[in-house]
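Visitor: I would like to learn how to read pockets, cavities, helix packing and backbone oddities in a model. Could you take me through them one by one?

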Amino acid sequence: MNVPLLDVNAQNHPIAGELREAFDRVLETGRFIMGEEVEAFEAELAEFVGAKHAIGVSSGTDAILLALMALGIGPGDEVICPSFTFFATAGCIARTGATPVFCDCHPDTFNIDFASAEECISDKTKAIIPVHLFGQSVDMDVCNAFAEKHGLKVIEDTAQSLGAQYHGKSCGAMSDFGTYSFFPSKNLGGLGDGGLVVTQNDDLAEVAIKLRNHGMHPRYYHQMVGGNFRLDALQAALLRVKFNHYADYTRQRQENAAYYKERLADVQSFVLPIEQEGYTHIWNQFTLRVKDGRRDALKEHLMSNNIGCEVYYPVPMHHQQCFAHLSSDSRTSLSVTDQLAGEVLSIPVYPELETEQQDAVIAALKSF
Ligand SMILES: *Cc1c(COP(=O)(O)O)cnc(C)c1O
């Protein structure tokens, strides 16, 4: 049986009619930049995550860049982020002219380790970007206490965790900024690129809204240099359709994760991902840790059984060529990150996974 890591058609084709209606609605208006669809989407998402302001943007990457720009981060500043993350987190810091400073993570949650972050502090540190990795929140009480102690701004990279909760609060809505992605592989996957920035702060929202459109206000007057970070009206309309189904998508991912956990609990060759007490995990990835240097062998084994799997992430930020000039400056041990890069393997957990497909994944894992 063929089991892909993700099947966007299985999610989109059953709602093709609704998606076409949304397309027709926008086609009819002829309004393709900003406008009602974008505003409606922003209002729906703001309510969902419990944020005062939501600002639709062009991608999850641009969301991070925009948040950093709105906070005035730039040359001479340092921003701490985990080394174990997708590149965009660190890349955006570098693009502002600031220096990314990489810290370690916890082996059991894959999320940022604030004891390690503490060792990264200098008098240039201006902000920290915790990443809610794979669908589970960072410990935000610890994060915000850490930020307060050192006078830092906080941007939650929530690309993988829209709707994940930390003691009843939504990821992305617990700090200065939260940033989201609607890349097709994220839990709310668009039909193309898209992103969102949220904040509770009126002044930051005002700056971010201006920066999204070249820092322009009023028309053709520029107090600051922004960019074109706008979300397309068409994409917003399509995302609104998919957002109507989002509760089901999330529940199905959670059911799939529970199914794995129940049936794989006794397997010794790998460690299952954990869900922390008081957190709501939304399972963007279901990530195993494979012991004894056997990760690549397990990956081969699954692939030869037609089961999709992937290493998120094989090369931590502190080993990226573009950041080689920073590595001599490493202030903290990144040993957990290095260990995880050699152990992790994500298996299919997408909502539309059929029971027979999941059983095939489980059988393949058990036969390893
Ligand atoms: C996907 C992702 C991003 C970037 O989002 P795009 O929409 O692809 O630009 C940023 N951070 C993390 C952790 C991600 O997983």
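Visitor: Start with the largest pocket. Which helix gives the most to its lining?

Guide: Look at which elements supply the lining residues. Here α4 gives the most to the lining of the largest pocket, with three residues. Keep in mind that this is a predicted model.

Visitor: What volume does the largest pocket have?

Guide: About 480 Å³. Of its 30 lining residues, Gln160, Phe183, Ser185, Lys186 and Tyr313 are the closest to the centre. Two elements, α4 and α5 (87–95), give two or more residues to this lining.

Visitor: How does the lining of the largest pocket divide by class?

Guide: Into 15 nonpolar, 11 polar and four charged residues.

Visitor: Tyr313 was one of the central residues of that pocket. What kind of peptide bond joins Tyr312 and Tyr313?

Guide: Read omega for this. The bond between Tyr312 and Tyr313 is cis, with omega about 10°. Tyr313 sits in the loop between α11 (295–304) and α12 (324–327). So one residue links two topics.

Visitor: Where does the peptide bond from His217 to Pro218 stand, cis or trans?

Guide: That bond is cis, and its omega is near -15°. Pro218 belongs to the loop between α8 and α9.

Visitor: Now the enclosed spaces. How many cavities of 30 Å³ or more are there?

Guide: The count comes to three. Take the largest cavity: its volume is about 80 Å³.

Visitor: Which residues lie nearest the centre of the largest cavity?

Guide: Leu6, Val8, Gln11, Pro184 and Lys242, out of 13 that line it. Helix α1 (residues 8–12) supplies the largest share of this lining, three residues. By class, the lining holds four nonpolar, five polar and four charged residues.

Visitor: And what is the volume of the second largest cavity?

Guide: About 60 Å³. It is lined by 13 residues, and those closest to its centre are Phe110, Phe134, Pro273, Ile274 and His281. The classes here are seven nonpolar, five polar and one charged.

Visitor: What is the sign of phi at Phe134, positive or negative?

Guide: Check the residue type along with the angle. Phe134 has a positive phi of about 65°, although it is not a glycine. Phe134 lies in the loop between β4 (125–128) and α7 (140–150). The same Phe134 is among the residues closest to the centre of the second largest cavity.

Visitor: On to helix packing. At what angle do α4 and α8 pack?

Guide: Read angle and axis distance together. Helix α4 (residues 60–70) and helix α8 (residues 202–212) pack at about 125°, with their axes 9 Å apart. That angle makes α4 oblique to α8. The crossing of this pair is right-handed.

Visitor: Which residues of α4 and α8 meet?

Guide: From α4, Leu66, Met69 and Ala70; from α8, Leu204, Val207, Ala208, Leu211 and Arg212. By class, the contact has seven nonpolar residues, no polar ones and one charged. Recall that α4 also gives three residues to the lining of the largest pocket.

Visitor: How far apart are the axes of α3 and α9?

Guide: The axes of helix α3 (residues 36–49) and helix α9 (residues 233–243) are 8 Å apart, and the packing angle is about 40°. This makes α3 oblique to α9. The crossing of α3 and α9 is left-handed.

Visitor: Which residues make the contact of α3 with α9?

Guide: On the α3 side, Glu37, Val38, Ala40, Phe41, Glu44, Leu45 and Phe48; on the α9 side, Ala233, Ala236, Ala237, Leu239, Arg240 and Phe243. They divide into 10 nonpolar, no polar and three charged residues.

Visitor: One last pair. What is the hand of the crossing of α10 and α14?

Guide: Right-handed. Helix α10 (residues 246–264) and helix α14 (residues 355–366) pack at an angle of about 35°, with axes 11 Å apart. Asn256, Tyr259, Tyr260, Arg263 and Leu264 in α10 meet Thr355, Gln358, Asp359, Val361, Ile362, Leu365 and Lys366 in α14. By class, this contact has six nonpolar, three polar and three charged residues.

Technical notes: Residues are numbered from 1 along each chain as its sequence is written. This is a predicted model: local features need pLDDT of at least 70, side-chain atom pairs count only at pLDDT 80 or more; totals for chains, interfaces and linings use all residues. Side-chain values use heavy atoms; hydrogens and water are left out. Axes are lines fitted to C-alpha atoms, for helices over the stretch in contact, and angles run from 0 to 180 degrees between N-to-C directions. Helices (H or I, at least four residues) and strands (E, at least two) are DSSP runs, numbered from the N terminus. Angles under 35 degrees count as roughly parallel, over 145 as roughly antiparallel, 65 to 115 as roughly perpendicular and the rest as oblique. A crossing is left-handed if the near helix is turned anticlockwise from the far one by less than a right angle, and right-handed if clockwise. Contact means heavy atoms within 4.5 Å. Ala, Val, Leu, Ile, Met, Phe, Trp, Tyr, Cys and Pro count as nonpolar, Asp, Glu, Lys and Arg as charged, and the others, Gly among them, as polar. On a 1 Å grid over the protein atoms alone, a cavity is a set of points where a 1.4 Å probe fits but cannot get out, and a pocket is an open set with protein on both sides within 12 Å along at least five of seven lines; lining residues have an atom within 4 Å of a point. Grid points are joined across faces, edges and corners, and a volume is the space filled by probe spheres set on the points.
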